[in-house]
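Student: Please take a close look at one part of this model and describe how it sits within the rest of the chain. Keep to what can be computed from the atoms.

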Amino acid sequence: MKYRESAFDILYLQFAIISGCVILRRAQNKAERHMGLAALILGCGDAFHLVPRVLNYFADADLTAALGIGKLVTSITMTVFYLLLYDIWLKHYRAQENRRVTYLVWILASIRVALCLFPQNGWMANSSDMTWGIIRNVPFVLLGAEVCRLYFRKRGDDPVFRLVWLYILLSFLFYLPVAVGAGLVPMLGMLMLPKTICYILLITVFLRSVAGNVPRTIKMKEENR
């Protein structure tokens with residue numbers, strides 16, 4: 001099992017980081033540049049957690065602190081990833097910015113990061129405390145729900161992005177049991193596999209959007225004006 005999981009983790013990290021570089025190289029506007037940046041942040045952030053996890057299977061060393069710090073870094077970079085998803089939504093759909101929504105997104109992200117920095121999280125000990133697992137994830141879930149709602153509203157405007165809301169929703173459904181209960185039920189950690197697949201699908205959407213493999217309704221509407 002450890003070989004298959006390790007191989008999957010390494011391939012995922014390579015895919016995310018390489019895809020981010022490819023998207024940035026092909027990007028022609030700010031929305032596409034943020035897609036590349038989001039993929040890079042996702043891959044590089046997850047590397048802080050997944051690399052020590054892989055090493056922990058094979059290295060004869062105490063990696064408790066590295067695993068805990070890796071979770072902290074990943075928690076913060078995932079928050080930044082959703083801020084970028086919101087910004088991508090604004091720019092890709094040329095949506096009218098609602099300042100209340102923008103304030104809400106930034107406030108939730110700020111609270112999430114602040115909660116992650118509390119010493120009670122026990123990152124250095126790689127703690128799996130359920131109470132703080134719930135506390136720090138409440139604003140993160142609300143942030144994800146708002147971003148998911150926005151993409152759901154625009155799901156019919158672009159065939160490439162039409163399932164983004166679903167990938168976000170599923171990623172949280174797979175993530176929450178792990179974040180809250182993996183300390184008590186280690187087998188819940190297996191749900192990180194389908195959660196990661198959801199992020200791979202999100203990155204694939206960015207790649208398709210930049211490559212233009214599927215006609216985009218928005219561009220077609222602009223050309224017909």
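Tutor: A residue counts as buried when its relative accessible area is under 20%, as exposed when that area is over 50%, and as partly exposed in between. The model is a predicted one, and the part to examine is helix α3 with the loops on either side, beginning with aspartate 87.

Aspartate 87 belongs to helix α3, which covers residues 64-92. Its relative accessible area is 18%, so aspartate 87 is classed as buried, given that the limit for this class is under 20%. The side chain of aspartate 87 is in polar contact with that of lysine 91, at 2.7 Å.

Before helix α3 comes the loop that links it to α2 (30-58), and aspartate 62 is located there. With a relative accessibility of 66%, aspartate 62 is exposed, whereas aspartate 87 is buried. The side chain of aspartate 62 also takes part in a polar contact of 2.7 Å, here with the side chain of threonine 64. Phenylalanine 8 is 54 residues from aspartate 62 along the chain, and the two C-alpha atoms are 23 Å apart.

On the other side, the loop between α3 and α4 (99-116) contains arginine 94. Arginine 94 is not a glycine, yet its phi is positive, at about 50°. Its relative accessibility is 56%, so arginine 94 is classed as exposed.

A positive phi also occurs in the loop between α4 and α5 (130-153), where asparagine 126 lies. Asparagine 126 is likewise not a glycine, and its phi is about 55°. The relative accessible area of asparagine 126 is 21%, so this residue is partly exposed.

For a contrast with these loop residues, consider isoleucine 203 in helix α7, which runs over residues 192-211. Isoleucine 203 has a relative accessible area of 0% and is therefore buried. Leaving aside residues up to four places away in sequence, isoleucine 203 touches Phe15, Ala16, Ser19, Ile23, Ala39 and Leu42. Glycine 36 is 167 residues from isoleucine 203 in sequence, while their C-alpha atoms are 8.6 Å apart.

The whole chain gives the setting for these details. It has eight helices and zero strands, and the order from the N terminus is α-α-α-α-α-α-α-α. Of the contacts between residues at least 6 apart in sequence, 74% connect residues at least 24 apart. The chain has 225 residues, of which 44% are buried. Aspartate 87 and isoleucine 203 are both in the buried class.

As for overall dimensions, the C-alpha trace spans about 65 × 35 × 25 Å along its principal axes. The radius of gyration is 18 Å, which agrees with the value near 17 Å that a compact globule of 225 residues would have. The accessible surface of the chain is about 11700 Å², and carbon and sulfur atoms account for 64% of that area.

The charged side chains comprise 25 positive and 14 negative ones, with 6 Å between the centres of the two sets.

Definitions and conventions:
Residues are numbered from 1 along each chain as its sequence is written. This is a predicted model: local features need pLDDT of at least 70, side-chain atom pairs count only at pLDDT 80 or more; totals for chains, interfaces and linings use all residues. Side-chain values use heavy atoms; hydrogens and water are left out. Helices (H or I, at least four residues) and strands (E, at least two) are DSSP runs, numbered from the N terminus. The radius of gyration is taken over C-alpha atoms; the globule rule is 2.2 Å times the number of residues to the power 0.38. Buried means under 20% relative accessible area, exposed over 50%, partly exposed in between (1.4 Å probe, protein chains only). Contact means heavy atoms within 4.5 Å. Accessible areas come from the Shrake-Rupley method with a 1.4 Å probe; for residues, only the protein chains shown count as cover. Lys and Arg count as positive and Asp and Glu as negative; His and the chain ends are not counted. The place of a charge is taken as NZ of Lys, CZ of Arg, CG of Asp or CD of Glu. A polar contact is a pair of N or O atoms within 3.5 Å; within protein, one must be able to donate a hydrogen and the other to accept it, and residues adjacent in sequence count only if both atoms are side-chain atoms.
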